Amino acid sequence: NDDIELVTRDLELDEFQIHTNEKVDFRFGRSVGKGQGLVATLLPSQAGSGHGPNIGGIDTIRLEREVELRLEGLANGVVPGSGDLMSQSETDQQPVLVKCDGGLTANLSANVITLEDAVDVRRGVPEQGGDHLSCDVLAIVLGEGEQTKEDSSSSLEVVEIQASGSPVRVQSPSAGLDVRADRLGYELHTGRILLDGEDPVSIHATGVEIEAKSVDYTPGQDNTIGSLMAIGPGWLRAMDEKQLAIESRWQKWLRVRPDETGHVASISGQAEVSVDLQGKLTGAEMHFWFEQTPAQPTEGLATNR
């Protein structure tokens, strides 16, 4: 594979395995990494070999310990909701750093890299507003990148991440985001986020808190509210300095989607909406129309009255 390069020493070759206990440096696309101890599983050549080893390629690469990755060129980062808060040049200049206590397995035929045991993902310095993701297992899905004018060939880039843990924790102070879930899926190109697990999903964002069995969210264009489906039982609390706090509860689902006049939010199953100091509204199903505040597009909602 022209997009992956390994550098090490003291390699030993079995019939269909390469292994070493030495330090290994590697590259895939623009990103680089290192680890200690290597086991590479080889594929036999379909055409066969009249002389020398019958090797047709590499199936999987396993790094045993002390694994570190430096992922370059991720304009959307690997932390949901944070990439679009910075410009393209700012995000390209900030690599994503990944570490884990366990090993790394790269399945080259499937273009998936998996890290295990106390996985730590950082972009920037968390104490200075940088992003942080922690989990037990992290799968990085690679795909073909776009061709450039300087280079007619495409390279591998990160297109999706899948994380699991007890729990997965996402923190992005710059986006005012704190997420806890057993499982997280994030598509970098669309921004779609899927959160679920045995325990309830918990999301704290600027002006909003939500808890539900699962949450499926795709943002809109230009950092606007998009579409959301939250399976219940669950609750949502919206807080704004200019308005009273609004709390919604449901047993079946909460759905938010674009509408001709803005957005519409629907809740179903013992639906309940309460406003601080003003009372409570209940019903089997409710629908609310609202618009996003133009002056502060990421900090709260203004309801139509």
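Okay, quick definition before anything else: when I say helix or strand, I mean a run that DSSP assigns, at least four residues for a helix and at least two for a strand, numbered from the N terminus. With that in hand, here's our protein chain, and remember this is a predicted model. It has 22 strands and one helix.

A bit of overview. There are 305 residues in the chain, and 36% of them count as buried. The chain exposes about 16,700 Å², with carbon and sulfur atoms supplying 48% of that. And if you take contacts between residues at least 6 apart in sequence, 45% of those join residues at least 24 apart.

Now let's zoom in on strand β8, residues 112–123. Which strands does β8 pair with? One is β6, residues 96–100, which runs antiparallel to β8 and is joined to it by three bridges. In that pairing, Val-98 has Val-121 as its bridge partner. Another is β7, residues 104–107, also antiparallel, this time with four bridges. There, Leu-104 sits opposite Leu-115. And then there's β9, residues 131–144, antiparallel to β8 over ten bridges, where Val-112 faces Val-141.

Have a look at the turn, too. β7 and β8 make a hairpin with four residues between them, and Asn-111 in that turn has a positive phi of about 55°.

Some of these names come back when we look at the largest nonpolar core. That core has 57 residues, and the ones touching the most other members include Val-98, Leu-104 and Leu-115. The strand that gives the most to this core is β10, residues 156–172, with six residues.

Let's stay with Leu-104 for a second. Skipping its neighbours within four places in sequence, its contacts include Phe-26, Ile-61, Val-67, Leu-69 and Ile-113, plus Leu-115.

Right before it comes Gly-103, in the loop between β6 and β7. So why do we call Gly-103 buried? Because its relative accessible area is 2%, and the cut-off for buried is under 20%. What does Gly-103 touch, not counting residues up to four places away in sequence? The list is Arg-62, Leu-63, Glu-64, Val-67, Thr-114, Leu-115 and Glu-116. Gly-103 is also 9.9 Å from Glu-68, C-alpha to C-alpha, though the two are 35 residues apart in sequence.

So find β8 on the screen and trace its partners β6, β7 and β9. That's me done, thanks!

Key:
Residues are numbered from 1 along each chain as its sequence is written. This is a predicted model: local features need pLDDT of at least 70, side-chain atom pairs count only at pLDDT 80 or more; totals for chains, interfaces and linings use all residues. Side-chain values use heavy atoms; hydrogens and water are left out. Two strands pair if DSSP finds at least two bridges between them. Buried means under 20% relative accessible area, exposed over 50%, partly exposed in between (1.4 Å probe, protein chains only). Contact means heavy atoms within 4.5 Å. Accessible areas come from the Shrake-Rupley method with a 1.4 Å probe; for residues, only the protein chains shown count as cover. A nonpolar core is a set of buried Ala, Val, Leu, Ile, Met, Phe, Trp, Tyr and Cys residues joined through side-chain atoms within 4.5 Å.
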